[in-house]
There are 2 protein chains.
Amino acid sequence: VEIMERIAIIGLGLIGGSLGLAIKRAGLKDVQVAGTARTRDTIQKAKKLGAIDIDARSAADAVRGARLVIVASPIMTTRHIFEEIAPELMPGAVVTDVGSTKGNVARWAKELLPGHADFVGGHPMAGKEHAGIAAADADLFKGRAWVIAPSVTAAESSVQTVVGLAQLAGATPLFMDADEHDSYVAAISHLPLLLSSALFSVAFGSAAWPELAQLASSGFRDTTRLASGSPEMAHDIMLTNSANVLHWLDRFIEELQRFRAVVAEGESKRVIETFAKAQIERDTFMTAGPPQRESGEAIETVSLGDMLLGSKVSGYMKKQQEIIKTMEDRANGKRR
Amino acid sequence: VEIMERIAIIGLGLIGGSLGLAIKRAGLKDVQVAGTARTRDTIQKAKKLGAIDIDARSAADAVRGARLVIVASPIMTTRHIFEEIAPELMPGAVVTDVGSTKGNVARWAKELLPGHADFVGGHPMAGKEHAGIAAADADLFKGRAWVIAPSVTAAESSVQTVVGLAQLAGATPLFMDADEHDSYVAAISHLPLLLSSALFSVAFGSAAWPELAQLASSGFRDTTRLASGSPEMAHDIMLTNSANVLHWLDRFIEELQRFRAVVAEGESKRVIETFAKAQIERDTFMTAGPPQRESGEAIETVSLGDMLLGSKVSGYMKKQQEIIKTMEDRANGKRR
C-alpha cells in the first residue's frame with residue numbers, strides 16, 4: 001500500500017472492525033485510521049480494541065482528508081453514506097466498500113460520488129457466526145478471496161490501492177464485474193444463508209422441537225450456522241439481490257426434488273451414486289481447491305475442461321466404481 | 001460399567017474405532033476389546049492405534065465369550081451380522097449398535113438374535129467430516145447425546161450396561177423409542193445431510209462452478225460439510241428411513257417456498273422479521289441449550305411452554321423490536 005495520511009472506516013462491525021485491526025497491525029508509517037459507527041458505544045469499543053486511532057463523530061468527519069475511504073456499513077445504508085461523504089471527499093480519494101452485493105453500490109457510487117474521487121467496489125469473502133465489533137479479528141480475511149469490482153472510470157492506481165488493502169489483510173484479490181459478482185454470490189453465499197435460516201425455522205417450528213433440540217449435533221449446528229448471522233445483513237442481501245437469489249433458490253428446490261425422487265424410488269445403485277458423486281466432488285474441491293480460472297479468455301471452458309476431462313475424471317470414476325463394488329459385495333453377503 | 005471379560009466391536013470405522021479408543025482409555029480392569037472389520041487393513045490400523053486388543057478374523061470370532069457386543073458397521077450390514085453372530089452369543093450377552101436409524105435394526109434384532117441375549121439399540125449423535133478408522137477420536141462422543149432404545153424384553157441390567165458405555169465415552173444417555181427416534185433424526189440429521197449434498201451438487205453442476213468455487217468461503221463449506229460424509233452411510237439412512245426423510249424434506253421445501261415468497265414480495269419489515277426470528281431463536285438455542293424435556297409426561301406441552309411463554313418470549317420480542325427499530329431509524333436516515 002502506498003503511504004497515506006488517513007484511512008477512514010465507516011461502520012465498525014465485524015468486517016470494519018477486523019479491517020481496522022488488520023491495518024493497525026500492519027504498522028503502516030504515517031497512517032492514521034479514523035473510524036465511525038452508528039453508536040458511540042461501538043466507536044469507543046473499536047478504539048479500545050485498537051482498531052482505530054481517531055473516533056470520528058460522523059462519516060463526513062471521518063472522510064475529511066482521507067486518501068482511502070472504506071465503507072463497511074450494511075449495504076442499504078451505503079446510499080445515505082455516499083450522500084453524506086460526497087461533499088467532503090478530497091481530490092484523488094479512493095472509496096471502496098465491503099458489501100455482500102455489488103451492483104446497487106456501484107450504481108449509487110456512479111450517481112452520488114464526485115468525479116474527483118474513484119470508486120473501487122470490494123467484497124472480502126469472510127464472515128463469522130457472530131456479528132459486531134466484539135467478534136472483530138485481524139485474521140478474518142487471511143487466505144480468503146476478496147472480490148474487487150472497480151468502476152470503469154477508476155484510475156489504475158486507485159485499483160492498486162484496494163488490491164494493496166486486500167493483500168495487507170492477507171486476502172487474495174479477485175477481479176470481477178459487479179453484476180457478475182452478484183449472480184455468483186447468490187449461489188455460493190446467499191442461497192446457503194437462506195436455506196440455513198429455513199432449516200432452523202422448520203425444525204424450531206415443529207411441535208417436536210424439544211426432542212429435536214436434544215438430538216442436534218455438529219451436523220445441524222454447521223448447516224444452520226449462517227442463520228445466526230446479522231438479520232440486517234440478510235435483509236439487505238435479500239432486497240438488493242433478490243432476482244439472483246430467487247433464481248438460485250429455484251434451482252436448489254429442483255435439485256432437492258431430484259434427490260427426493262432418488263430417495264422415494266429407493267433404487268440402491270442410484271442412491272449410492274447420487275451421494276457418492278457429491279462426496280467425491282466435494283472432497284476433490286476441499287483438497288485440490290477451486291479449478292483453475294484463466295482470467296480473461298475462455299474461463300469456463302478451460303476450467304470446466306480441467307475438472308471434467310483428463311486425469312481427474314478417471315480418478316473420480318475409479319472411486320465411484322470402488323464404492324459401488326463395495327455395496328454390491330455387501331449385498332451379496334461378502335464382508336471382506 | 002460393570003466388569004466384563006470381553007467387549008466385541010464389529011466394524012472399526014469412525015464410530016467403532018473412536019469407541020474402541022474411548023473404552024481403552026478408560027482402562028477398565030480385566031477387560032479386553034476384540035474387534036473386527038471388513039478389511040484386514042482396517043483391523044490392523046485399529047490395533048496399531050490402540051483401539052482394540054484382539055484382532056478377530058470374523059464377527060463370529062469377535063463375539064465368542066463377549067459380555068457386550070457393539071455392532072458399529074453400516075446399518076444395512078447389521079442384518080447379516082446379526083445372522084452371523086446369533087449362534088455364537090453367550091447367555092446374558094448384551095448386544096447394542098450405533099446405527100443412525102433404529103426401527104429396522106430393532107426388528108432385525110427381534111427376528112434374529114437368541115432369547116438368551118438382550119438387545120439395547122443405541123445411537124451416539126456424533127460425527128465428523130471424514131469417515132474411517134484414520135479419523136477415530138476418543139473424544140468424539142464427549143458432551144453429545146447418545147440415544148438408547150432398549151428392546152421391550154431387555155433386562156434392566158443390560159440397559160444399564162449400555163448407559164454405562166455411553167457415559168464412559170462422555171455422552172449423555174437419552175431414552176427413546178426406536179421409531180420415535182427415526183422420525184426425529186430425519187429432521188435434525190438426515191434432512192441436513194440431504195440438503196448439504198443437494199447444495200453442493202447444484203453449485204458444482206453449474207457452468208459457473210469455477211467462479212463459484214473461487215468465492216466459496218466458510219459459509220459454503222459449513223453448509224456442505226455433511227456432503228463429505230460416507231456415501232454408504234447416506235445410502236443406508238435414505239433406504240431405512242425414507243418415509244421420515246421424505247416427510248421432512250417436503251416440510252423443508254414448503255419452508256423454502258415461504259422464504260421465497262418473503263424475498264419475492266420484498267416487503268422490508270417481513271424480510272427482517274423472518275431472518276431475525278431464526279437468528280434470535282438459534283442464538284437462544286446455542287446459548288441456553290435445548291428446552292427442558294420432562295421424560296414421560298406431557299413432554300411437548302411442558303417444553304414448548306417453556307420456550308414460547310414466560311420470560312424467554314419477552315426477551316425474544318424485545319430483541320426483535322430493537323432490530324425492527326434500528327431498521328426503521330435507518331430507513332429514516334438516522335444513523336445514531
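Contact here means heavy atoms within 4.5 Å. In this predicted model, helix α4 of chain B, spanning residues 78–85, lies across four strands of chain B. These strands are β1 (6–10), β4 (68–71), β5 (94–97) and β6 (118–124), and the helix runs at about 155° to β4(B).

The strands crossed by α4(B) belong to an open sheet of eight strands in chain B, ordered β3-β2-β1-β4-β5-β6-β7-β8. The pairing in this sheet is mixed. Its edges are formed by β3 (54–55) and β8 (172–175) of chain B, each of which pairs on one side only. At the β8(B) edge, the neighbouring strand is β7 of chain B, residues 145–150, and four bridges join the two strands, which run parallel. Within this pair, Trp146(B) has Pro173(B) of β8(B) as its bridge partner.

In chain A, the packing of two helices was examined. Two packed helices are described by the angle between their axes and the distance between the axes. Helix α4 (residues 78–85) of chain A packs against helix α5 (residues 103–112) of chain A at an angle of about 20°, and their axes are 10 Å apart. Because angles under 35 degrees count as roughly parallel, α4(A) is roughly parallel to α5(A). The crossing of the two helices is right-handed.

On the α4(A) side, the contact is made by Thr78(A), Arg79(A), Phe82(A) and Glu83(A). Helix α5(A) contributes Val105(A), Trp108(A), Ala109(A), Glu111(A) and Leu112(A). Of the residues in this contact, five are nonpolar, one is polar and three are charged.

Note on methods. Residues are numbered from 1 along each chain as its sequence is written. Chains are lettered from A and ligands numbered from 1 in the order in which they are written. This is a predicted model: local features need pLDDT of at least 70, side-chain atom pairs count only at pLDDT 80 or more; totals for chains, interfaces and linings use all residues. Side-chain values use heavy atoms; hydrogens and water are left out. Axes are lines fitted to C-alpha atoms, for helices over the stretch in contact, and angles run from 0 to 180 degrees between N-to-C directions. Angles under 35 degrees count as roughly parallel, over 145 as roughly antiparallel, 65 to 115 as roughly perpendicular and the rest as oblique. A crossing is left-handed if the near helix is turned anticlockwise from the far one by less than a right angle, and right-handed if clockwise. Ala, Val, Leu, Ile, Met, Phe, Trp, Tyr, Cys and Pro count as nonpolar, Asp, Glu, Lys and Arg as charged, and the others, Gly among them, as polar. Two strands pair if DSSP finds at least two bridges between them.
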